[in-house]
Amino acid sequence: MDEIRAGNRRWAFVPSAVTALRVAAAPLLLYTLRYNLGTWTLCLFLFTCGTDLLDGHLARRLGVCSTFGAYFDATADFVLVLTAFSAFVMQGIYPFWTLLLIGSMFLQFVLTSRLERPLYDPVGRYYGVFLFVAIGVTLLLPDFAVCYTVLMSILGLTIASVISRSVFLLSLWKNGALISTLQEAQWNDIA
Amino acid sequence: MVLIIVLAIIVAACALSYLWLNKEVVSAIEIRNPEGDAGTALVVYHPGQSDFHDRVTSGFAEGLVSNGWRVEITTASPQAPTDLSGYDLLVLGGPTYWFTPNRPIRRYLSRLGDLGGQRTVTIITAMGAGERSTSIMESLVREANGDLVNGLLLYRMRPNDDDNYVDSDQNQVLAVEIATQAAKEIPLPGE
């Protein structure tokens, strides 16, 4: 995946810089959520959504896609989601275990993303998008029942994702391919 | 297929939230200031899943007690008193779910039938959007021939004082203080 053409090297930093804006916005989002600055929170959140759309688009347009960029993008998403939900937990909107669910899903992503043969998880690939939608719904529809529905949906999607991955891993194990699949994981080329 | 799974999870979460959040809670009648002779108030509320409405209701009750009221507090259930003849004030309240007053308090109000001009206060709590809920509650009281003395709307997430932005914890403390002060301003029977 590391195919930064020599001529585009000078633009290689641009997508990551856009991604870095999302990380930088996270503590600001925590502040605005903590102090119930509704309009500022919404603006910041929309800004971070914009950076999430822009960084990948820029990387493809400039021909500077990289493994580091992909991981940085996912990590920035995780930082932002974790920050927003931490603020929600501090406000008592969501319970603490929501953070454990999100953290475990990210850890699962990091551990399995380097496999040559991707894990079959039709739900998990949209998990990040769902969490962003969940943040938006919580901000735009501040209602106890709506948030409870969001919470149960997060729990349901997490369980569905874990089940699909577990079923896939079980099928690999039954076919004797589990060990070789894990051994094929590439850990050395995150530059 | 993925869309169907996600939609199924969300629909199940909606149903779960509706059933779980609107589950009636049965509790014994708690009496505060049993020797109070300024008047007797019946406070009936739905506690919800957090302690926010509990604290607001308790703050309101303490405000009444400080003015010499005898206060009887219980939760909205089939066991809550429906004979209002011994009460000078009825206080109804609970959280907002799906932008409307919670079902237990609405069911209790319908069990009361005609309020016969009973002096009534409504206390509605919400995360950030409670205007519709409080408007519905006040209309229901008037339709039941209640004499609406005051309708309180207090927020958990949205600032309770637009001129003074505080963090979430202080915002909830402020909500309790507003409820206590509002109770102190309730005219005594005969005034």
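Me: Contact means heavy atoms within 4.5 Å. On that definition, which residues of α3(B) meet which residues of α4(B)?
Reply: The model is predicted, with local features needing pLDDT of at least 70 and side-chain atom pairs pLDDT 80 or more, while totals for chains, interfaces and linings use all residues. Residues are numbered from 1 along each chain, chains are lettered from A, and side-chain values use heavy atoms, without hydrogens or water. I105(B), R106(B) and L109(B) in α3(B) meet M137(B), L140(B) and V141(B) in α4(B). Helices here are DSSP runs (H or I, at least four residues), and strands are E runs of at least two, numbered from the N terminus.

Me: Why are α3(B) and α4(B) called roughly parallel or antiparallel?
Reply: Their axes, lines fitted to C-alpha atoms over the stretch in contact, give angles from 0 to 180 degrees between N-to-C directions. The angle is about 10 degrees. Under 35 degrees counts as roughly parallel, over 145 as roughly antiparallel, 65 to 115 as roughly perpendicular, the rest as oblique. Therefore α3(B) and α4(B) are roughly parallel.

Me: What makes α3(A) and α4(A) parallel or antiparallel?
Reply: They pack at about 170 degrees, with axes 10 Å apart. That makes α3(A) roughly antiparallel to α4(A).

Me: Why is H46(B) called buried or exposed?
Reply: Its relative accessible area is 1%. Buried means under 20%, exposed over 50%, partly exposed in between (1.4 Å probe, protein chains only). So H46(B) is buried. H46(B) lies in the loop between β2 (39-45) and α2 (52-66) of chain B.
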